[in-house]
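Colleague: I would like to learn how to read a structure. Could we go through one together, feature by feature?

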Amino acid sequence: MTDRRNARISSRKQPQQARSTDLVAAILDAAVQVLAREGAQRFTTTRVAERAGVSVGSLYQYFPNKAAILFRLQSDEWRQTTDLLRAILVDEQKPPLIRLRHLVHAFIRSECDEAPMRVALDDAAPLYRDAPEAQAAKASGERTVQTFLREVLPRASDATRALAGDLITTTLSTVGKAFSESPRTPAEIDAYADAMADMFCAYLGSLERGGGQRLKRSA
């Protein structure tokens, strides 16, 4: 059995010509449809090839296995989300906490818009979550958050900023996932995002007022 940690998830080669680019696009579009219809457990390269109208051999020219296809879908989603959030966080024309509030709203809306696909990709995550490519994608997002937190918490220690970043990103991911699993109206999304943003802003404000140090409870 292939060790999931060592399974190859990188594309075999990158398309160089328009025809190849169209083929990869057709494979990925078919993969989205198969994943939405069959779920992660019944997702296979054969089903994707059939849906795309190509041979399995043609598919294998670009993707060595189903984990590679799923990771490509996931990494495309990560890149889109990361680019969106980075653009918000680096916009120095707006005060930091306003940026944070905009980030929360954008993230929660994205989670709700992409809920069916995200749930299916989460089910498939064990196939690639320990791969170097997945770890690199996660690290890129963490660096963006830490750059932002150095601006918000200039007096805080690295450990405090690391804790704050982990708390914010984990809460966004976990709570956003749970919230988006049920249909939501735009008003519900805005109200929930406002409440979460209020919580994050209050937390960072308390850290900054305390010099970035965690308060210790008296024994």
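**Reading the model**

Modeller: We can start with one residue: Trp78 is found in helix H4. Keep in mind that this is a predicted model.

Colleague: Is Trp78 buried, partly exposed or exposed?

Modeller: Trp78 is partly exposed, because its relative accessible area is 29%, and the partly exposed class lies between the buried limit of 20% and the exposed limit of 50%.

Colleague: Which residues is Trp78 in contact with, leaving aside its neighbours within four places in sequence?

Modeller: Trp78 is in contact with Phe71, Tyr128, Ala134 and Ala137. A distance in sequence can also be set beside a distance in space: Trp78 and Lys138 are 60 residues apart in sequence, and their C-alpha atoms are 8.7 Å apart.

Colleague: What does the protein chain look like as a whole, and how many helices and strands are there?

Modeller: The protein chain has nine helices and zero strands. Along the sequence, the pattern reads α-α-α-α-α-α-α-α-α. The chain has 219 residues, and 39% of them count as buried. Its accessible surface is about 12600 Å², with 52% of that belonging to carbon and sulfur atoms. For contacts between residues at least 6 apart in sequence, 72% join residues at least 24 apart.

Colleague: How do I check a helix, and how far apart are the end C-alpha atoms of H8?

Modeller: Work out the expected span, then compare. Helix H8 covers residues 158-180, which is 23 residues, so at 1.5 Å a residue it should span 33 Å. The end C-alpha atoms of H8 are 32 Å apart, which agrees.

Colleague: Which residues of H8 are buried?

Modeller: The general idea first: an α-helix has 3.6 residues a turn, so residues three or four places apart point the same way. In H8, the buried residues are Thr160, Arg161, Ala164, Gly165, Ile168, Thr171, Leu172, Gly176, Phe179 and Ser180. Read that list with the spacing in mind.

Colleague: How do I read a nonpolar core, and which residues touch the most other members in the largest one?

Modeller: In soluble globular proteins, nonpolar side chains tend to be buried together. Here the largest nonpolar core has 28 residues, and those touching the most other members are Leu100, Leu103, Val104, Ile108, Leu172, Phe200 and Leu204. At least two residues of this core come from each of helix H4 (66-89), helix H5 (96-113), helix H7 (132-152), H8 and helix H9 (186-209). H9 supplies the largest share, eight residues.

Colleague: What does Leu172 touch, not counting residues up to four places away in sequence?

Modeller: Leu172 touches Leu103, Val104, Phe107, Lys177, Met196 and Phe200. Apart from the largest core lies another core, of 27 residues, including Ile27, Ala68, Leu70 and Phe71.

Colleague: What about charged side chains, and how many salt bridges are found in the whole structure?

Modeller: Side chains of opposite charge can pair when their charged atoms come close. A search of the whole structure finds 12 salt bridges. One of them joins Glu181 and Lys177, with N to O at 2.8 Å. Glu181 counts as partly exposed, at 46% relative accessibility, and Lys177 is partly exposed at 30%.

Colleague: Which residues are joined into one network by salt bridges that share partners?

Modeller: Arg37, Glu38 and Arg42 are joined in that way. The side chains of Arg37 and Glu38 meet at 3.3 Å, N to O. Glu38 also forms a salt bridge with Arg42, where the closest N and O atoms are 2.8 Å apart. Glu38 is partly exposed, at 22% relative accessibility, and Arg42 is partly exposed as well, at 44%.

Colleague: How many disulfides does the count come to?

Modeller: The count comes to zero disulfides. As for cysteines, Cys112 is buried, with a relative accessible area of 17%, and Cys201 is buried, at 13%.

Colleague: Let us end on a loop. Where does Thr185 lie?

Modeller: Thr185 lies in the loop between H8 and H9. Thr185 counts as partly exposed, because its relative accessibility is 39%. Thr185 and Cys112 are 73 residues apart along the chain, and their C-alpha atoms are separated by 9.6 Å.

Methods: Residues are numbered from 1 along each chain as its sequence is written. This is a predicted model: local features need pLDDT of at least 70, side-chain atom pairs count only at pLDDT 80 or more; totals for chains, interfaces and linings use all residues. Side-chain values use heavy atoms; hydrogens and water are left out. A salt bridge is a side-chain nitrogen of Lys or Arg within 4 Å of a carboxyl oxygen of Asp or Glu. Buried means under 20% relative accessible area, exposed over 50%, partly exposed in between (1.4 Å probe, protein chains only). A disulfide is a pair of cysteine sulfur atoms within 2.5 Å. Helices (H or I, at least four residues) and strands (E, at least two) are DSSP runs, numbered from the N terminus. The expected span of a helix is 1.5 Å times one less than its number of residues. A nonpolar core is a set of buried Ala, Val, Leu, Ile, Met, Phe, Trp, Tyr and Cys residues joined through side-chain atoms within 4.5 Å. Contact means heavy atoms within 4.5 Å. Accessible areas come from the Shrake-Rupley method with a 1.4 Å probe; for residues, only the protein chains shown count as cover.
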